[in-house]
Amino acid sequence: MLQEKLKDHHIILASASPRRQQFFRELDLNFEIRLKPVKEEYPSELKDLEITNFLAELKAAAFEGELNTNDILITSDTIVWHEGKALEKPADPAQALEMIKALGGKTHEVITSVCFKTPEKKQTVHAITRVTFSELADDEIKYYIEKFRPFDKAGAYGIQEWIGLIGVEYIEGSYFNVVGLPTHLVYRTLLEMAE
């Protein structure tokens, strides 16, 4: 359905994430993957949503001057926001253990911003999902890290994996946002841009 409405547009997804690419396929979109290395650094005074907005727009800025008239570039960024700080991708198993342990028995926010850029305009949308974990034992966390190696995931976990099956007690907001993309917002925004 969306593909028909976007037939005069060329969608560019600037993401190496296999989960985001899969979502685009499931939305029945024809798209090109185009990647550029971007140093994902942000001013230290930014918090929660400001961080993801900044980084999604920073990734889009890397393509400045390269887009054709019918191009729609899509970039995004996700963080886990917990107790006043951003949990990004863990560097190693020890950091992953520390992150997941900190989430146990508490509620955190998963924040994703998605930036849509054409040669004429830029629009950024976001979703915030609240996720509550049960208390997790160290051996459960270690098993998960060893088996699933979640080093490419913000907050060191994938809700769609084993840890989500056993640990997530409650979720408020978009599940797909936690997996990596607020697909409902991507769909609605692209529909608006197609008009």
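**Exercise 1. With which residue does Glu-172 form a salt bridge, and how far apart are the closest N and O atoms?**

Solution. The model is a predicted one, and the distances below are to be read on that basis. Step one is to identify the partner: Glu-172 forms a salt bridge with Arg-130, and the closest N and O atoms are 3.6 Å apart. Step two is to place both residues in the chain: Glu-172 sits in strand 7 (residues 168-172) and Arg-130 in strand 6 (residues 122-133), so that the pair links distant parts of the chain, 42 residues apart. Step three is to judge exposure, for which partly exposed is the class between 20% and 50% relative accessible area. Glu-172 is partly exposed because its relative accessible area is 40%, and Arg-130 is partly exposed as well, with a value of 36%.

**Exercise 2. Locate the salt bridge between Asp-152 and Arg-19, and explain which parts of the chain it ties together.**

Solution. Begin with the general idea that side chains of opposite charge can pair when their charged atoms come close. A search of the whole structure finds 14 salt bridges, and in one of them the side chains of Asp-152 and Arg-19 meet at 3.5 Å, N to O. Because Asp-152 lies in the loop between helix 5 (138-148) and helix 6 (162-167), while Arg-19 belongs to helix 2 (residues 18-26), the pair ties together parts that are 133 residues apart in sequence. The accessibility of each partner comes next: Asp-152, at 35% relative accessibility, counts as partly exposed, whereas Arg-19, at 19%, counts as buried.

A second salt bridge can be worked through in the same order, namely the one in which the side chains of Asp-138 and Lys-101 meet at 2.7 Å, N to O. Since Asp-138 lies in helix 5 and Lys-101 in helix 4 (residues 93-103), this pair ties together parts that are 37 residues apart in sequence. Asp-138 has a relative accessible area of 32% and is therefore partly exposed, and Lys-101, with 45%, is partly exposed too.

**Exercise 3. Describe the surroundings of Asp-77, the residue that UniProt lists for "active site".**

Solution. First, note the origin of the label: the listing of Asp-77 under "active site" comes from an unreviewed UniProt entry. Second, find the residue in the fold, where Asp-77 belongs to strand 3 (residues 71-82). Third, decide whether Asp-77 is buried or exposed; its relative accessible area is 5%, and Asp-77 is therefore buried. Fourth, examine the contacts, leaving aside neighbours within four places in sequence: Asp-77 touches Arg-20, Glu-40, Thr-52, Leu-55, Ala-56, Lys-59, Ile-111, Thr-112 and Ser-113. With Lys-59, the side chain of Asp-77 makes a polar contact of 3.0 Å.

**Exercise 4. Compare Arg-149 and Ala-156 in backbone angle, place and exposure.**

Solution. Start with phi, which is positive at about 45° in Arg-149, although this residue is not a glycine. Ala-156, also a residue other than glycine, has a positive phi near 70°. For the place, Arg-149 is found in the loop between helix 5 and helix 6, and Ala-156 is likewise in the loop between helix 5 and helix 6. For exposure, the two part company: Arg-149 is exposed because its relative accessible area is 52%, whereas Ala-156, at 0% relative accessibility, counts as buried.

**Exercise 5. Which residues make the nonpolar surface patch of about 250 Å²?**

Solution. The patch is made by Ile-171, Tyr-175 and Phe-176. Taking one of these residues further, Tyr-175 lies in helix 7 (residues 175-179), and at 35% relative accessibility Tyr-175 counts as partly exposed. A residue must have over 30% relative accessible area to be part of a patch, and the 35% of Tyr-175 can be checked against that cut-off.

Methods:
Residues are numbered from 1 along each chain as its sequence is written. This is a predicted model: local features need pLDDT of at least 70, side-chain atom pairs count only at pLDDT 80 or more; totals for chains, interfaces and linings use all residues. Side-chain values use heavy atoms; hydrogens and water are left out. Patches are made of residues with over 30% relative accessible area and no salt bridge: like charges are joined within 9 Å, nonpolar side chains (Val, Leu, Ile, Met, Phe, Trp, Tyr) within 5 Å. Accessible areas come from the Shrake-Rupley method with a 1.4 Å probe; for residues, only the protein chains shown count as cover. A salt bridge is a side-chain nitrogen of Lys or Arg within 4 Å of a carboxyl oxygen of Asp or Glu. Helices (H or I, at least four residues) and strands (E, at least two) are DSSP runs, numbered from the N terminus. Buried means under 20% relative accessible area, exposed over 50%, partly exposed in between (1.4 Å probe, protein chains only). UniProt positions are given in the numbering used here, feature names are shortened, and annotations may be inferred rather than shown by experiment. Contact means heavy atoms within 4.5 Å. A polar contact is a pair of N or O atoms within 3.5 Å; within protein, one must be able to donate a hydrogen and the other to accept it, and residues adjacent in sequence count only if both atoms are side-chain atoms.
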